[in-house]
Amino acid sequence: MRLKSLPIACLLWLTALPAAAQTQRLGGPPRPEPTPAERAGQLRQLRELYQRAPAEWPAPTLDPGVEHHELGPLPEVEKPSDLERAKAELGEQLFFDPRLSGSRQIACASCHDPDLGWADGRTTSFGHNRRRLERNAPSILNSRFRETLFWDGRADSLEDQAVAVLSNADEMHSGDEVLVENLESIPDYVRRFGEVFGAHSPGVEQVSEALAAFERTVVGSRTRFDAFVGGRHKAMTDEEISGLHLFRTAGRCMNCHSGPLFTDDKFHAIGLSQYGRPGEDLGRYLVTEEAADVGAFRTPSLRNVARTRPYMHSGLFDLDEVLRLYNAGMPSERDKREAGGSVPPPTKSALIKPLGLNDRDLRDIEAFLGSLTESNRRVRPPELPPGL
C-alpha cells in the first residue's frame, strides 16, 4: 500500500492533527481511543510508513524555531590513539577506586554503576559522610557526545566535570592534596601515572584527564530501535512503532528530544523547580544568573532510559508519571516568595503544552522508549592495585 492510497481520515491521524484542530485538542479532554478494528488498521499503516527510510517518515511536529534533527543511530567513534587507550585503562581503575575520595569510601562508580545504566537508581545520590545530595545522578552513557555536563550545564568537558566532583566537599571531598597523599601510597599507581603522564605525584589534573578518557569509552550499543532503522523491521513491535509516531508528532517530544542522542542538549524550564517551596532548585540560573534560566535544566538523553529510573533532576518520578505530567502540560509554578526577592519566578517553556493523549497513546510512547534499551552487558570492574 502506497502512502498516497491511504484514506484521507487515516492520513490526518497518521501525520498528526492539522494546526487548528491540534490547538483545539491541546488542553482539552483526551482524544478518543480507536476501536479494535481502527487500531489494527492504524498499526498496519504506521508499520508501512516507518519501514521506509527516515527521510520518508511523516514530518515531525515541531514548534517555530525548533530545528529538525531526525532520530537515528549513534555516530561512529574514532579509534583512540595508544596514549588515549593507556589513559582510559588507568581511568577505568580510578573510576572504580574509592581511594580517590577523602573518605576512601566513595568511587565514581558509587553514583554511576554500570549495572544500573551508569546511574545509581536512587532518587538522589549519597555523598561524603552519607550526605544526601540535591540532584539525581545522570547516566554517563554517551557523555562523550554531550555539549555540557551536569543538570545545570556548569561543566564544558568531562575533565571539568571530574574536577568539580572530586573537589566538591559534599561529594568526593577530595582534591590535589588528598589525591597526592592517597595515590602516592599505591606503588602501581605511581608507576602508571609516570608511564602515562610523566608525573609521579598524580594530582587532580592528571586524575581528571584519565577519568575523562575512560568515560569517553562508555558508549551505547545498538538497540532494537537502531536495528529497526537499519532495516531489521521485525525488531520493533506494532505498539512501539505507534509510540515512535506519537513521539514524533502528537506527543511533541521531538521539540526537545531529537537526533541520535534523543536530546537537543539545551536547557528548559518545565515547571518542576519547586520554586518557593522546600526542595527548590533554580537549575541553570545558579550558573548564569539569567532570568530566563530560572528552573531550567539540561534535556536528558533518552537512550537506555528504561534502565535509569527514577527521573528528572529531582529523581522523584517513574516513567509513567513523567509521561502523564507532560500530557497534562506540567505544573505552572507560582511566585510564592516574599515581595522584593532577588530571583524572578520561572517562566515555563512555551514548548510545554497539554497534549490530550489518551491512555493507549501514553502506553505506546512508553513502549517505544523501551525500544531504546540496550542489550544487557555486564561490566566487570577492574582489579584495583594493592595499597593503603
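## Helix α11

In this predicted model, helix α11 is mostly covered, with nine of its eleven residues buried. The buried residues of α11 are Glu240, Ile241, Ser242, Gly243, Leu244, His245, Leu246, Phe247 and Arg248. The list thus includes charged residues such as Glu240 and Arg248, as well as nonpolar ones such as Ile241 and Leu244.

His245 is one of the residues placed in α11. Its relative accessibility is 1%, and because buried means under 20%, His245 counts as buried. The side chain of His245 is joined to that of Tyr50 by a polar contact of 2.8 Å.

## The nonpolar cores

The largest nonpolar core has 35 residues. Within this core, Phe225, Phe247, Phe368 and Leu369 have the most contacts. The elements that each give two or more residues to the core are α3 (36-50), α10 (224-229), α11 (238-248), α13 (319-328) and α14 (359-370). Another core lies apart from this one; it has 32 residues, among them Leu90, Leu94, Leu141 and Val196. As a general background, nonpolar side chains in soluble globular proteins tend to be buried together.

Phe247 offers a view of the largest core from a single residue of α11. Leaving aside neighbours within four places in sequence, Phe247 is in contact with Leu71, Arg252, Cys253, Met254, His257, Phe262, Leu302, Ile365, Phe368 and Leu369. Two of these partners, Phe368 and Leu369, are themselves named among the residues with the most contacts inside the core.

## The second largest pocket

The second largest pocket holds about 370 Å³ of space. It is lined by 20 residues, and those closest to its centre are Gln274, Gly279, Glu280, Ser314 and Leu316. By character, the lining divides into six nonpolar, eight polar and six charged residues.

## The loop between α5 and α6

Pro138 is placed in the loop between α5 (108-111) and α6 (158-167). With a relative accessibility of 26%, Pro138 counts as partly exposed. Not counting residues up to four places away in sequence, Pro138 touches His112, Trp118, Ala119 and Trp151. The C-alpha atoms of Pro138 and Pro260 are separated by 18 Å, and these residues are 122 apart along the chain.

Trp118, one of the residues touched by Pro138, also lies in the loop between α5 and α6. Trp118 is a residue other than glycine, yet its phi has a positive value, near 65°. At 9% relative accessibility, Trp118 counts as buried.

## Other backbone features

A positive phi is also found at Arg104, where the angle is about 60° although the residue is not a glycine. Arg104 lies in the loop between α4 (82-95) and α5. With a relative accessible area of 29%, Arg104 is partly exposed.

A cis peptide bond joins Arg309 and Pro310, with omega about -5°. Pro310 belongs to the loop between β2 (296-298) and α13.

## Further loop residues

His173 is located in the loop between α6 and α7 (176-184). At 34% relative accessibility, this residue counts as partly exposed. Beyond its neighbours within four places in sequence, His173 is in contact with Gly102, His128, Val165, Leu166, Asn168 and Val178. The C-alpha atoms of His173 and Asp361 are separated by 46 Å, with their positions 188 residues apart along the chain counted as their separation.

Lys266 is found in the loop between α11 and β1 (267-269). Not counting residues up to four places away in sequence, Lys266 touches Phe297, Arg298 and Thr299. Lys266 and Gly198 are 68 residues apart along the chain, and their C-alpha atoms are separated by 38 Å.

Gly356 has its place in the loop between α13 and α14. At 6% relative accessibility, Gly356 counts as buried. Although Gly356 and Asp63 are 293 residues apart in sequence, they are 17 Å apart in space, C-alpha to C-alpha.

Note on methods. Residues numbered from 1 in each chain as written. Predicted model: local features only at pLDDT ≥ 70, side-chain atom pairs only at ≥ 80, totals over all residues. Heavy atoms only, no water. Core = buried A, V, L, I, M, F, W, Y, C linked by side-chain atoms within 4.5 Å. Buried < 20%, exposed > 50% of the residue type's maximum accessible area, 1.4 Å probe, protein only. Helix = DSSP H or I, 4+ residues; strand = E, 2+ residues; numbered from the N terminus. Contact = heavy atoms within 4.5 Å. 1 Å grid on protein atoms, 1.4 Å probe; cavity = no way out; pocket = protein on both sides within 12 Å on 5 of 7 lines; lining within 4 Å. Points joined across faces, edges and corners; volume = space filled by probe spheres on them. Polar contact = N/O pair within 3.5 Å; in protein donor to acceptor, adjacent residues only side chain to side chain.
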